[in-house]
Amino acid sequence: MKLRSPERAFAFPGKTLRSSSKDLRNVKKTHKEAVTGTFTYHCVFKMEKPILSDYGTNYGTVNPVYGVPAPAMAAAPAAIIHGPSAPPANMFDAVPGYEGTLAGGGGGYLPPPMPSAPMPAPEQAPSSPNWNIPRISEDRAREAFATYVSSKCCYSSAPVREGVITNMEPFNTYRYRLETFTESRSTEWSQEPYTGQPVDAGVQPAPGPWQIAAQTPAFFKDHKQTIKVPYTSSVKNCHDCLGMGRNPCTTCAGAGNKPCWVCNGSGHRLSDERCTHCNGRGRENCSSCSGNGSCQCNTCHGKRQLLVFIKLNVKWSTEKDEFVAQDSSGLRVEKLGKVTGKELFKDAQFMVYPVRGFPDVSVAQASERLVGDHQVKYAQTSRILQQRQTIELIPITKVNYMWKGMSYVYYVYGNEFKVNAEDYPATCCCSVM
Ligand SMILES: [Zn+2]
Ligand SMILES: [Zn+2]
Ligand SMILES: [Zn+2]
């Protein structure tokens, strides 16, 4: 059997993909990078677009959502007089790097630049955590049970007083939680009445959306910020009032007056008496425009001109996922959502590494899966700033007790000693003699 040369082997997938010139281009590019020695880890991802060396100038075209021509603009309701309306598309100058930016947002989030340096080496999980499983005493269980029953207005306390605990089984379950703190950015064309703000469009090239400095809040604190993109502000005549500063009044259709409501426009009452409200004119001044026939333009607030600029929306948010290990206690997993446990492991850093060597394999697997999921889900459209993962041990005690010759069960769980007793035998006070 003949071995293919590396070039041939590489060229082969290109042939099968000939139907798509985009794919072919990518294959070629990857190949070129491979032979010139610049092949980096980002090639392992299935690239749908060419890798760009400079993200500062190409955001608009990279984002698939932004690549679509702007239909929102054509549908701008310019005819609506009340309330600021979206300006027509020709009001926006071409700004390199912001080609797909729409008025009113809706363009989707901008992909962040690739990290220039490889990820810092992740730290390993501490190898010997403290695996003590807390046990609760019979007294503690009984006390929690009594508190629970007294919180239910109709429950009789007889089973608590008379019931005899026959067995207490401790169960432990683990909750793994992964939180990813992200920053995402999107742009939109925006406007405000022009009152002498700085006008800087074209003075120099606008910085890329990810090159603009924003005030990052503390990690895991959700926050929003909007920033005027520098060098995109220009002054335009208001499209709404055509630079007049006023629009025809919609109440009187520009007349300044309307039929008198008392005489209905006739000028006199049922008898021949003159209408005193309109002095026989049959019309009265329009109160909406004080008789002027026009109102101040809502878009430019009467300033006749608008400052038109690109607005950058920056959003910081915490994305959270949890996994609770199966346990055999019989208590439903949803019950654990409201309690806390004992924190066994906590790890916060720029990018966490999946937990390794944890005694419960399902927790380690969940960590592996969720860390991978978060990278796929959030690294594409946002920048991951910090990740945090914790493992909690949630204590669950299953208490078996006898009351009136029958056996029942309740659970005490969480740091809060919450109780669940679904088969409580005396849920109505009147059923107990
Ligand atoms: Zn009248
Ligand atoms: Zn009017
Ligand atoms: Zn206006």
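The exercises below concern a predicted model of one protein chain, each followed by a worked solution.

**Exercise 1. Confidence and overall content**

Task: State how many helices and strands the protein chain has, and which element has the lowest mean pLDDT.

Solution.
- Step 1. The protein chain has 8 helices and 13 strands.
- Step 2. Its mean pLDDT is 77, and 74% of the residues reach 70 or more.
- Step 3. Among the elements, helix α1 (residues 6-16) has the lowest mean pLDDT, at 33, while strand β3 (residues 223-228) has the highest, at 96.
- Step 4. Over residues 1-81 the pLDDT is below 50; this stretch nevertheless has 81 contacts in the model beyond near neighbours in sequence.
- Step 5. Where pLDDT is low, predicted coordinates should not be read in detail.
- Step 6. Of the 433 residues in the protein chain, 25% are buried. Among contacts with a separation of 6 or more, 78% join residues 24 or more positions apart.

**Exercise 2. The pairing of β2**

Task: Find which strands pair with β2, in what sense, and over how many bridges.

Solution.
- Step 1. Strand β1 (residues 102-103) pairs with β2 in the parallel sense over 2 bridges. Here Leu102 has Glu188 of β2 as its bridge partner.
- Step 2. β2 and β11 run antiparallel and are joined by 20 bridges. Thr182 is bridged to Ile384 in β11.
- Step 3. β2 also pairs with strand β9 (residues 305-324), antiparallel, over 19 bridges. Two positions illustrate this pairing: Thr187 has Leu312 as its partner in β9, and Phe181 stands opposite Thr318.

**Exercise 3. Other partners of β9**

Task: Determine how β3 and β4 are joined to β9.

Solution.
- Step 1. β3 and β9 run antiparallel, with 6 bridges between them. Ile227 stands opposite Leu312 in β9.
- Step 2. β4 is likewise antiparallel to β9, through 4 bridges. The partner of Val235 in β9 is Leu307.
- Step 3. Leu312 thus appears both opposite Ile227 and as the partner of Thr187.

**Exercise 4. The two faces of α6**

Task: Check the span of α6 and locate its buried and exposed residues.

Solution.
- Step 1. α6 has 14 residues and reaches 20 Å from its first C-alpha to its last, close to the 20 Å expected at 1.5 Å a residue.
- Step 2. Its buried residues are Ala141, Ala144, Phe145 and Val149. They lie on the same side of α6 because they cover an arc of only 130 degrees around the axis.
- Step 3. Asp139, Ser150 and Ser151 are exposed on the other side.
- Step 4. The buried residues of α6 pack against α7 (158-162), β2, β11, β12 and β13 (418-420).

**Exercise 5. The same check for α8**

Task: Compare the span of α8 with its expected value, then describe its buried side.

Solution.
- Step 1. The 19 residues of α8 should span 27 Å at 1.5 Å a residue; the end C-alpha atoms are 27 Å apart, so the two agree.
- Step 2. Val363, Ala366, Ser367, Leu370, Val371 and His374 are buried. Their arc around the axis is only 130 degrees, which puts them on the same side of α8.
- Step 3. The face turned away from that side carries the exposed residues Val361, Gly372 and Val376.
- Step 4. β2, β9 and β11 are included in what covers the buried residues of α8.

**Exercise 6. The nonpolar cores**

Task: Identify which elements supply the largest nonpolar core, and which gives the most.

Solution.
- Step 1. The largest nonpolar core has 34 residues, and Phe145, Val363, Tyr411, Val412, Tyr413 and Val419 have the most contacts inside it.
- Step 2. At least two residues each come from α6 (138-151), β2 (164-193), α8 (361-379), β11 (382-403) and β12 (406-413). β11 gives the most, with 6 residues.
- Step 3. Beyond four places in sequence, Tyr411 touches Ser329, Leu331, Ile396, Thr397, Lys398, Val419 and Asn420.
- Step 4. A second, separate core of 19 residues includes Val95, Tyr98, Cys297 and Cys300.

**Exercise 7. A loop residue**

Task: Decide whether Asp240 is buried or exposed.

Solution.
- Step 1. Asp240 is in the loop between β4 (234-237) and β5 (246-248).
- Step 2. A residue is buried if 20 or more other C-beta atoms lie within 10 Å of its own. Asp240 has 24 C-beta neighbours inside 10 Å, so Asp240 counts as buried.
- Step 3. Asp240 and Thr299 are 59 residues apart in sequence, with their C-alpha atoms 6.6 Å apart in space.

Definitions and conventions. Residues numbered from 1 in each chain as written. Chains lettered and ligands numbered in written order. Predicted model: local features only at pLDDT ≥ 70, side-chain atom pairs only at ≥ 80, totals over all residues. Core = buried A, V, L, I, M, F, W, Y, C linked by C-beta atoms within 7 Å. Buried ≥ 20, exposed ≤ 12 C-beta atoms within 10 Å, placed from the backbone. Contact = placed C-beta atoms within 7 Å. Expected span 1.5 Å × (residues − 1). Arc of directions from axis to C-beta. Pairing = 2+ DSSP bridges. pLDDT = per-residue confidence, 0-100.
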